[in-house]
Amino acid sequence: MCLVLVIEGLMPFLAPGRWKRMLTGITQISDSQLRIIGLCSMVIGTLFLYLVR
């Protein structure tokens, strides 16, 4: 969990302007598309954990 926080904090620290534009762009994506993105992220994260262990 700590590594997730470090990775999530990189973008606002390194490029705050780009990060703000990205967040405003996310509001234009439909809920179903966001769910698909979230599902893909969870599956990829689970696969990486499996490969590392």
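Before the pocket comes up, one convention: Ala, Val, Leu, Ile, Met, Phe, Trp, Tyr, Cys and Pro count as nonpolar, Asp, Glu, Lys and Arg as charged, and the others, Gly among them, as polar. What you see above is a predicted model, in which local features need pLDDT of at least 70 and side-chain atom pairs count only at pLDDT 80 or more, while totals for chains, interfaces and linings use all residues. Residues are numbered from 1 along each chain as its sequence is written, and side-chain values use heavy atoms, with hydrogens and water left out.

Let me start with the overall layout. The protein has 3 helices and 0 strands, in the order α-α-α along the sequence. Helices here are DSSP runs of H or I with at least four residues, strands are runs of E with at least two, and both are numbered from the N terminus.

On to dimensions. The C-alpha trace spans about 35 × 30 × 15 Å along its principal axes. The radius of gyration of the protein is 14 Å, where a compact globule of 53 residues would have one near 10 Å; this is taken over C-alpha atoms, and the globule rule is 2.2 Å times the number of residues to the power 0.38.

How much of the protein is buried? Buried residues make up 0% of the 53. Buried means under 20% relative accessible area, exposed means over 50%, and partly exposed is in between, with a 1.4 Å probe and protein chains only.

Helix α1 covers residues 2-14. Its 13 residues reach 18 Å from first C-alpha to last, close to the 18 Å expected at 1.5 Å a residue; the expected span is 1.5 Å times one less than the number of residues. Why does α1 lie largely in the open? Because the number buried among its 13 residues is 0. Met11 is found in this helix and is partly exposed, at a relative accessible area of 28%. In helix α3, Ser41 is also partly exposed, at 47%. From Ser41 to Arg53 is 12 residues in sequence and 18 Å in space, C-alpha to C-alpha.

Last, the largest pocket. A pocket is an open set of points on a 1 Å grid over the protein atoms alone, with protein on both sides within 12 Å along at least five of seven lines, and lining residues have an atom within 4 Å of a point. Its lining consists of Met1, Leu3, Val4, Gly45, Phe48, Leu49 and Val52. Helix α3 (31-52) and α1 each supply at least two of the lining residues, and α3 gives the most, with 4. By class, the lining has 6 nonpolar residues, 1 polar and no charged.

Notes. 1 Å grid on protein atoms, 1.4 Å probe; cavity = no way out; pocket = protein on both sides within 12 Å on 5 of 7 lines; lining within 4 Å.
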